[in-house]
Amino acid sequence: DVPKAPEPQGDSDGPRRGSLCDRHCAAINNVQGDLGDLGCHLHRPHVPPAMCPPSCYQQHSDEVCESCVVKTTLTAENAVEAHKLSNNYKFGFKKWKSHVTARPWEDRSEIVKELYSDLNVIRGSGGSTVTCGNVLYLLLFGWWLSLLYILVAAMMFITVVGAPYGRLCWDLARYFLWPFGKVIQKVEVPKSRQVLGACEAGAGESSALLGGPVPRRWRPWCWADAGYWQRAGAVAWLCLGYPPLALAHGLVCVAAWLLVVLIPVAKLSARTAARVLLLPPERVLIRRLRMTEVPLEGEVILCCYRAVNPYYYKYAVDGINVFAVNLLPLVLVTLVLGYVDSHNCLTSSPVKFTLALLSIMPLSYYIGMAIASISAQSNFAVGAVVNATFGSITELTFYITALIKGSREGNRCYAEIVKSALTGTLVGCVLFVPGLCMVIGGIRHQEQRFNSRSAGVSSALLFLSVGGVFAPTLFSKVYGKLVCGECHNVTQNPLGHYLCHNCHFDLMENNGTLYYSHVQPLVYTVSLLLPAAYLIGLFFTLKTHSHIYDIHISDCHMPGHHHSAVVHWSRWRALVILLLSTLCMSACADLATEHISPILTNSTISQYFIGVTVLAMVPELPEIVNGIQFALQNNLSLSIEIGNCIAVQVCMLQIPILVLFTIFYPTNFTLVFSDLHVYASMFSVVLMNYIFMDGKCDYFQGTVLVMVYFILLAVYFFAPSPSGC
């Protein structure tokens, strides 16, 4: 739905050459906006021939002049969205795909409009209603809903006074067996007709609305003037008929909503329980639509054509994606089971651990949405503080609670799990996140380009951070004393070969002189230098060299597109949600660490594998989804930056914070990693920089990154558990 740009005026040769130059420049920059998401178009100023030397007009497509490259301008619908989009291209800021403001209705596509429309729109020609989704409705809900209506109708006929409602339930039984292509209308019955019809037989009378014979079900009772809610039939209906039907529709509504694609069925049930079943039976008309018939009289309450719509994954409630809404009750269930059933009477520890881990996903989404909303409505300083403070709160909450529990129990296994999770996040964000985005984006786009200059800044910081984080480990390998738990002489010769097990470098020799005099000062030095390097990177990319992104964001000012920003979450509301989500995140992390012990002790899987997969990547699922959405919009630069920024924050912010935490609260966490973590991290960073060297990629290169990641997971899976676990 992007309006075409007007053709530039001028001679026939100038515009043609300028357009060719623009296409070449677009291929170089390739910083494209999220056109489908923004609802606006990408503006690129026309380059006149005078600005480009003759080399720009050569037939060879690879020869493009430097002066042809112009800054790309991405347009947003309002200033808040423009600010949010600008923050996406800032290093250290959370990249967020979803809108933080309500999109104008006229800018939405027809597919999205259908998602948010009420089921009261009549189409001229809806086509066949026999579809797989409608048959699925019949098998899941239709048959037993229809049977329930028949039973309620029989019960209402038995009461005699509820006979009109019995006839209504009989009609609704036929409707809910197959509601597609049918319409439920609310009709008006004139009061004069009600009074006259109260004492007449009514044969042959006509309706003032539809001009035909009044249906038998419409004929009012003699006490109609007493009011609808005072009739005995209404009392019988509200006491006997309505409660079971409302309960059934409530169950259908919840089940269909959780399945997402069946949300039209949820709307159908909710509207039936809230409106249709509360209307007088003489005001409800059920009709079957024909191909050429469109009812013109009466309010349309329900008109459904399809039970399944696969595009409902885009559906949002107050700016929150439907999946995040559906997972929110899981957080409440997790907290109730975790703190009420402390003795595992209702569920086991593995179940509670799984629930706590799954609850982290929606909470991560809410934290990300709150950070993006606050940053988009605030100045740069506030946005930077919020991103720096809460950007890594999900991971740090789990790490700190695990270290505290390990310190209280004297179990070093928790510290090893934290190191595995840190390494897993680093490796996953360097290999898996960009690789998966390349593969999925490459399915739609044959070749994707990205800003290699901005990616180079993240790569340089990754090299620096990996070298700094693993410097104490390399130092301990060089100067530490190798100690083995058990050795056997293979050749039965005192000078022969020995086979040793459980070997490690002892840093506590001579009362820990090596560790306290050399390794620990090195750890503190590195923990100070890494955040300083991170701040320098922020200053470089956001202040002195912000032009490397070659991007400019502005809000739309097109004719007919002047819209004021209607934010989903105000700053105060976003702040409250951010604090509540952080509090719930701390509770879920506490439950996860509380119930992980049986899994670590009884599981046959290596603790390394549990740390680098489940504990590392589950909190990052919202970021992975954002990266995939950016890749599908041919904006691979942001997909790569998502993974790089998380990896850089792990090394330059999270690890120094954990080291600082151990100063005030002594734990078993030391910045000395196993050889497997060192080799996996360094190899991943080197491979990532090699792939990103030329500034373009395809699905094959993404497949290479993903396959290498799975190979490393296989290594961790078959690796023995770390010492102390």
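**Exercise 1. Place I393 in this predicted model: which helix holds I393, and is I393 buried or exposed?**

Start with the secondary structure: I393 sits in helix α13, which covers residues 393-409. Next, check the accessibility. The relative accessible area of I393 is 17%, and the cut-off for buried is under 20%, so I393 counts as buried.

Now look for its partners. Once neighbours within four places in sequence are set aside, I393 is in contact with I367 and T582. For a long-range check, take Q654: its C-alpha atom is 9.1 Å from that of I393, with the two positions 261 residues apart along the chain.

**Exercise 2. Test the geometry of α13: how far apart are its end C-alpha atoms?**

Step one is the expected value. With 17 residues at 1.5 Å a residue, α13 should span 24 Å; the rule multiplies 1.5 Å by one less than the number of residues. Step two is the model itself, where the end C-alpha atoms are 24 Å apart, so the two values agree.

Then step off the end of the helix: α13 is followed by G410, and the phi of G410 is positive, near 70°.

**Exercise 3. Work out how enclosed α13 is: how many of its 17 residues are buried, and what covers them?**

Count first. Twelve of the 17 are buried, so α13 is largely enclosed by the rest of the structure. The buried set isn't just greasy side chains by name: among its members are I393, L396, F398 and L403, but also T394, E395 and K405.

Now find the cover. It includes α11 (349-376), α12 (380-390) and α14, along with α18 (571-594), α20 (607-617) and α22 (636-664).

**Exercise 4. Find the hubs of the largest nonpolar core: which residues touch the most other members?**

This core has 124 residues, and L431 and L615 touch the most other members. Ask next where the core's residues come from: helix α14 (residues 413-444) gives the largest share, 16 residues.

Follow L431 outward. Beyond its neighbours within four places in sequence, L431 is in contact with S684, L687, L705, V708, Y709 and L712. There's also a second, separate core, with 38 residues, including M156, L268, V276 and L277. As background, nonpolar side chains tend to be buried together in soluble globular proteins.

For another view of α14, try T423, which is placed in that helix. At 2% relative accessibility, T423 is buried. Its contacts outside the local stretch of four places are F673, H677, S681 and Y716.

**Exercise 5. Classify two aromatic pairs: are W257 and Y315 stacked or edge-to-face, and what about Y366 and W569?**

You need two numbers per pair: the distance of the centres and the angle of the planes. The model has 21 aromatic pairs. For W257 and Y315, the centres are 5.9 Å apart and the planes stand at 80°; angles over 60 degrees count as edge-to-face, so that's what this pair is. W257 belongs to helix α8 (residues 232-258), while Y315 is in the loop between β4 (299-304) and β5 (316-317), 58 residues apart. W257 is partly exposed at 22% relative accessibility, whereas Y315 is buried at 11%.

For Y366 and W569, the ring centres are 6.4 Å apart and the planes are at 5°; under 30 degrees means stacked, so this pair is stacked. Y366 is in helix α11 and W569 is in the loop between β12 (551-555) and α18, 203 residues apart. Both residues are buried. Extend the network and ring pairs link W96, Y365, Y366 and W569 into a cluster.

**Exercise 6. Decide where to read the coordinates with care: which stretches have pLDDT under 50?**

Begin with the overall figures: the mean pLDDT is 77, and 74% of residues reach 70 or more. By element, confidence is lowest in helix α2 (residues 35-38), with a mean of 37, and highest in helix α5 (residues 132-158), at 93.

Then take the stretches. Over residues 1-70 the pLDDT stays under 50, and the model has 108 contacts for them beyond four places in sequence. Residues 557-562 are also below 50, with five contacts beyond near neighbours in sequence. The rule to apply: where pLDDT is low, the predicted coordinates should not be read in detail.

Notes. Residues numbered from 1 in each chain as written. Heavy atoms only, no water. pLDDT = per-residue confidence, 0-100. Helix = DSSP H or I, 4+ residues; strand = E, 2+ residues; numbered from the N terminus. Contact = heavy atoms within 4.5 Å. Core = buried A, V, L, I, M, F, W, Y, C linked by side-chain atoms within 4.5 Å. Buried < 20%, exposed > 50% of the residue type's maximum accessible area, 1.4 Å probe, protein only. Phe/Tyr/Trp six-rings, centres within 6.5 Å; stacked < 30°, edge-to-face > 60°.
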